[in-house]
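Trainee: Could we go through this structure together? I would like to begin with the overall picture and then turn to the details.

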Amino acid sequence: MPENVRLLLTIGPALAGAAFVACAGACAGARAMAPRWGLLDRPGGHKGHAAPVPLGGGVAIWLAVVLVLGVSGAVVVLDGAWLPEGVARHAVGLESKAGELGVIVGLATVMMAMGFVDDRVGLGWKPRLAAQLGCAALVAACGARVTLFGPFTHPLIGGAVTTLWIAAMTNAFNMLDNMDGLSASVGLIAAVLFGAAQAAVGGLFAPAMLAIVAGALAGFLVHNHAPARLYMGDAGSNFLGFLLGSMTVAGNFFQEGLASPFAVLTPLLVMAVPLYDMTSVILIRLSEGRSPFRPDRRHFSHRLVERGLTPPRAVWTIDLVTLACGLGALLLHRLDAWGAAVVLAQAGCLLGIVAILEVSGAGSGSASRTERTLGQARHEPSAPLPSGAGRPPGGDDAGPDPDL
C-alpha cells in the first residue's frame, strides 16, 4: 500500500470525525440563533416546505472546515511532535501548500459571506455572478489552473477554463440546493471521490482537506436530511461549490510516470449529475422562451418527484446516479485512451438512460397535484414565477436568480 494512502487512512478519519463533531454542534447553534439573525427560509412561491426553516447551515459548514483546518495547521507548524511519524516527514511539504490553501479558503469565505448577505437581503444574479467569476479568476491567477492536454497547457487558456470551471461548480451546487439533503449529500460523495482519486496518484494535501469537507457535510446532514431542520442557504452552497471546484484544480489527478493522463477527466465524471441538472434546467428555460435566471421547479429532483417519487427517494436516486457515474473515475489513472473512453461512454449512457426515462415519463404525473409529506415537499406547478416572487430574504432555492 502506498505511504500516502496509509497516512490518509490514519489521519483522514480523525480529520473527518473532528469536522463532523464541529459542524453538527455548530448547526445546533445555528438552528437556535437563526431566527434572531433573520435567517429564516419562509414558504411560498415555488418552495416546497410548509413552515419557516432556519438558515445558517452554510455558516456552520464554513466554521467547521476553517476550525479543523486551522487547528490542524497549528499542530503541524507549532508542535510536530504531536504528529504521527509519517505525517511529520511531510510537514515541510504541507507548509509549502499553506499559501495556496489560504488563498482558496479565503476566497471561498468571500463566497460564503456573499451568500450570507443574499440569504439576509437578497442579491441580483449579476453581482453574484461577477463575484463568482472574480474570485475564480483569482484562484487561477495564484497558480491553481487546469492543464489537461494540448492548448489547455497554455496559462491563459488554462486560466480561463479554471475560472469557468470553478464558477460552474459554484452554480451547480447552488442549483442543486433545492431539496432536503440533496446538495450536501452530493457534495459529500464528490468530496470522497475527489479525495480518493487524488490519493490514488500520490496526493496527500488535497485528500486531507477533502476529508475535512466530507466530515463537515456529514455533520450538516444530521440536521438537513428530510425533513430538514436547517438549510445551508446560499452561504453554504456558494462556499461548498467554490471550495470543491478549487480543490479539483489545486490537487493532482495525474503525475508524470505514475498515472494515466486521462485521470484529469475525473471531475467531469464525479460532477456529471450536477452538470446534467444545471444544463438541462437552462435548456428547458431557454426552450420555453424564458430567462435562464428565473427560478422555477424544473430541476432534476423536481422532475423525479413529478414522476411519482417522494422527495427523499428522489434525493437517494440522484445520490446513486452521482456515485455510479463517479466510481469509474477511480480507475482513470490506470487506463489508456480506450479504457478512459469506455468509462466516459458508460457515464454518458447512464445519463442517457436517465434522460430517456424522464422524457418517456413526461406528463404522467403532471396532472396530479399531490401533497407529499415526506421531506415536506409539495408538487407545485412548474410555471415561472413573477419577478421577485417566492423568495423573501433568507430564501434557499434553485435558479440563477437565486441560482447564481
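Mentor: What follows is a discussion of a predicted model.

Trainee: How many helices and strands does the protein chain have?

Mentor: The protein chain has 16 helices and four strands. Of its 404 residues, 53% are buried.

Trainee: And what is the accessible surface of the protein chain?

Mentor: The accessible surface comes to about 16400 Å², and carbon and sulfur atoms account for 69% of that area.

Trainee: What share of the contacts comes from residues far along the chain, 24 or more positions apart?

Mentor: Among contacts with a separation of 6 or more, 78% join residues that are 24 or more positions apart.

Trainee: Let us go inside. How many residues are in the largest nonpolar core, and which have the most contacts inside it?

Mentor: The largest nonpolar core has 96 residues. Those with the most contacts inside this core are I61, M209, F242, L243 and L244.

Trainee: Which helix gives the most to this core?

Mentor: Helix α9, residues 205–224, gives the most, with 12 residues.

Trainee: You mentioned L244. What does L244 touch?

Mentor: Leaving out residues up to four places away in sequence, L244 touches M169, F173, G187, A190, A191, L210 and V213. Apart from the core just described there is another one, of six residues, including A34, L55, A228 and Y231.

Trainee: Where is S246 placed, and is S246 buried or exposed?

Mentor: S246 is in helix α10. S246 counts as buried because its relative accessibility is 0%. Neighbours within four places aside, S246 is in contact with I104, V139 and I166.

Trainee: New topic: charges. How many salt bridges does a search of the whole structure find?

Mentor: The search finds five salt bridges. One of them joins R128 and D234, with the closest N and O atoms 3.2 Å apart. R128 is in helix α6 (residues 125–141) and D234 is in helix α10 (residues 233–250), so this pair ties together parts that are 106 residues apart in sequence.

Trainee: Are those two residues, R128 and D234, buried or exposed?

Mentor: R128 counts as buried because its relative accessibility is 1%. D234 also counts as buried, with a relative accessibility of 0%. For both, the cut-off that applies is under 20% relative accessible area.

Trainee: Which residues are linked with R128 and D234 in a network of salt bridges?

Mentor: D118 is linked with R128 and D234 in a network of salt bridges.

Trainee: What about E358: which residue forms a salt bridge with E358?

Mentor: E358 pairs with R303, and their closest N and O atoms are 2.4 Å apart. E358 lies in helix α15 (residues 337–360) and R303 in helix α13 (residues 300–306), so the pair ties together parts that are 55 residues apart in sequence. E358 counts as buried at 8% relative accessibility, and R303 is buried with a relative accessible area of 7%.

Trainee: And which residue does R307 meet in a salt bridge?

Mentor: The side chain of R307 meets that of E306, at 3.4 Å from N to O. R307 counts as partly exposed because its relative accessibility is 25%, whereas E306 is buried at 16% relative accessible area.

Trainee: Now D119. Where is the place of D119, and how far is its C-alpha atom from that of L40?

Mentor: D119 is in helix α5, residues 98–121. The C-alpha atoms of D119 and L40 are separated by 8.4 Å, although the two residues are 79 residues apart along the chain. D119 is buried, with a relative accessible area of 2%.

Trainee: To the cysteines. What is the count of disulfides?

Mentor: The count comes to zero disulfides. C27, for example, is in no disulfide, and the nearest cysteine sulfur, that of C23, is 3.9 Å away.

Trainee: Why is C27 in no disulfide, given that distance to C23?

Mentor: A disulfide requires two cysteine sulfur atoms within 2.5 Å, so the 3.9 Å separation between C27 and C23 does not qualify.

Trainee: Are C27 and C349 buried or exposed?

Mentor: C27 counts as buried at 0% relative accessibility, whereas C349 counts as exposed at 52%.

Trainee: Last topic, the surface. Which residues make the nonpolar surface patch of about 240 Å²?

Mentor: That patch is made by F20, V21 and V222. V21 is in helix α1, residues 3–37, and V21 counts as exposed because its relative accessibility is 59%.

Technical notes: Residues are numbered from 1 along each chain as its sequence is written. This is a predicted model: local features need pLDDT of at least 70, side-chain atom pairs count only at pLDDT 80 or more; totals for chains, interfaces and linings use all residues. Side-chain values use heavy atoms; hydrogens and water are left out. A nonpolar core is a set of buried Ala, Val, Leu, Ile, Met, Phe, Trp, Tyr and Cys residues joined through side-chain atoms within 4.5 Å. Buried means under 20% relative accessible area, exposed over 50%, partly exposed in between (1.4 Å probe, protein chains only). Helices (H or I, at least four residues) and strands (E, at least two) are DSSP runs, numbered from the N terminus. Contact means heavy atoms within 4.5 Å. Patches are made of residues with over 30% relative accessible area and no salt bridge: like charges are joined within 9 Å, nonpolar side chains (Val, Leu, Ile, Met, Phe, Trp, Tyr) within 5 Å. Accessible areas come from the Shrake-Rupley method with a 1.4 Å probe; for residues, only the protein chains shown count as cover. A salt bridge is a side-chain nitrogen of Lys or Arg within 4 Å of a carboxyl oxygen of Asp or Glu.
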